[in-house]
Structure formats: C-alpha cells, structure tokens
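Here's a quick briefing on a protein–DNA model to go with what's on your screen. Have a look at the structure first, then work through the points below.

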Number of protein chains: 2
Amino acid sequence: MSINDTFKALADPTRRRILDLLKERDLTAGEIAEHFDITKPSISNHLNLLKQAQLVWDERKGQHIVYSLNTTVFQDVLKWMMELQQTQSKG
Amino acid sequence: MSINDTFKALADPTRRRILDLLKERDLTAGEIAEHFDITKPSISNHLNLLKQAQLVWDERKGQHIVYSLNTTVFQDVLKWMMELQQTQSKG
DNA sequence: TAAATATTTAGAAAATTATCTAATAGTTGA
DNA sequence: TCAACTATTAGATAATTTTCTAAATATTTA
C-alpha cells in the first residue's frame, strides 16, 4: 500500500515479467506459473507481493484465480520521479 | 547499467532518500551520511549501488567526493511503465 | 614526510527475500 | 461425499542484501 511496497515489488525481474504477461491479458495463477522455471508456491508468493502492492487484482473464477494488471499505482512512482527531475539544475 | 539495476537501486528507502537529498543540491559523501543513523561505510555502499545504476555521478574535489543526481536513467523506467499502461483494457 | 581529514574497501554478521517440499483449502463433477 | 484439480499456506533452507568494525587509500596542510 505504500510507495515502498511498490518499489520493492518492482525490484524483482520475475515480478516485472509477470506484469508484462498480464499486460496482454488476464491470466490464472497456473497460466502465469507455466512461464517460469520456479515452483507454483514461489510464483504464488510473488503474486501475493504484487497484490499487496496493488499492482495486480485477483478474482476467483471457479477453481481458478484470475490475476489482472493494475497500473494506477504507477501514479505515485511517476510523481516521485517527476519531482526529482523538477529541481535539477547543473553547474 | 540495466533496468534491473535501476529498479533494485530504487527499491531501498535509504537510497531513495539520498536521491531526494541530492535533488536540492550536490552533496559530499560525508554530508549525505550526516542525514542517516547508519555508518559511513554503509552509506558508501548505498552510494556505490546508486552509482552503478547511474542514478548519481561522483566527482572528487580535494578531500571530498561530491555526489550529484542523474535522472536520465528514469527514461527506461518511464518507458517500461508506459508500455504496461498502453495495452490495458478491462472487461 | 607525518598528521589530520574524508572516503572507500574488506570481510564478517545480521536481516531480509526467494525458493523449495509438504500439507492445507476451495471448487467441480461424478 | 469423494476424487481430481487449482491454488495457497506453513515451515525450512538457500541466496541476497544490509550493516557493522577494522583497515586501507587519497588528499591536504604543517
């Protein structure tokens, strides 16, 4: 929920790749796991971190849990980066 | 030098605060360290990670080493985030 | 060149994060 | 209700990152 959670979530390449996959379309946990060489529990952990950071939503559909991308959180990251760029003046 | 280095560098709150400090003006390693409760070697390590990610430049001036902010690397991060937002369409 | 100051490097310990296996929980359909 | 399927949780281990102390390097000035 904090910007720290967002940055931490984005710091891992597996998690960024999950977001890249979800860019194309919503996917179940199993479909996501298929793309990686690590175990499902490990993917589940990554999904949980992304969820805590609100970078994804999850919704149960029958046996499956469908994950979808949420980029609204990027606003805070963008704001922070913009503010850093503002004041910059080199000597 | 990779986007992974950038995200990893930004994932730590101490390092983000260092960037915030450098937004105002260039600072020596010692001046930066004064703002934190951790030791100078630890700050030095953080500065090194920021340097590897090219988020800061360093320049020796006499006894001091002056650090300055470099936000050009943000372009890659922005691009990645923009691309994620593009294709998004909810059902 | 020696002392004082600023900073980094080296190496180890502590803390955090990622991953695994085994077990548990929810859903469907016979 | 039970078997099959999907996914998560629990708990342990492995890997990485952060932090520390002690030592080393670089610069300035006497």
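R15(A) sits in helix α2 of chain A, which spans residues 13-24. Keep in mind that this is a predicted model. R15(A) is a handy place to start, since its side chain has a phosphate oxygen of DNA strand C 3.2 Å from one of its N or O atoms.

**R15(A) and its surroundings**
- R15(A) is buried but makes no salt bridge.
- Its nearest side chain of opposite charge is D12(A), 4.4 Å away, and a salt bridge would need to be within 4 Å.
- The R15(A) side chain does get to the backbone oxygen of K8(A), at 3.1 Å.
- Leaving out residues up to four places away in sequence, R15(A) touches K8(A), A9(A), H46(A), L49(A) and L50(A).

**DNA strand C**
- There are 22 residues around DNA strand C, and T39(A), H46(A), G30(B), S44(B) and Y67(B) come nearest.
- Sugar or phosphate accounts for 76% of the strand C atoms within 4 Å of the protein, and bases make up the rest.
- S44(B) puts a polar side-chain atom 2.9 Å from a phosphate oxygen of the strand.
- H64(B) has a side-chain N or O atom 3.3 Å from a sugar or linking oxygen of strand C.
- Helix α4(A) gives the most to the surface near this strand, with 5 residues.

**How the two chains pair up**
- Rotating chain B by 180°, with 0.0 Å of shift along the axis, superposes it on chain A at an RMSD of 0.0 Å.
- The two copies are therefore related as by a two-fold rotation axis.
- In chain B, the C-alpha nearest that axis belongs to A11(B), 3.0 Å from it.
- Both copies use the same surface: 100% of the contact residues of chain B recur in chain A.

Note on methods
Residues are numbered from 1 along each chain as its sequence is written. Chains are lettered from A and ligands numbered from 1 in the order in which they are written. This is a predicted model: local features need pLDDT of at least 70, side-chain atom pairs count only at pLDDT 80 or more; totals for chains, interfaces and linings use all residues. Side-chain values use heavy atoms; hydrogens and water are left out. Copies are superposed by least squares on the C-alpha atoms of residues with pLDDT of at least 70 in both. Contact means heavy atoms within 4.5 Å. Helices (H or I, at least four residues) and strands (E, at least two) are DSSP runs, numbered from the N terminus. Buried means under 20% relative accessible area, exposed over 50%, partly exposed in between (1.4 Å probe, protein chains only). Lys and Arg count as positive and Asp and Glu as negative; His and the chain ends are not counted. A polar contact is a pair of N or O atoms within 3.5 Å; within protein, one must be able to donate a hydrogen and the other to accept it, and residues adjacent in sequence count only if both atoms are side-chain atoms. A residue is near a molecule or strand if one of its heavy atoms lies within 4 Å of it.
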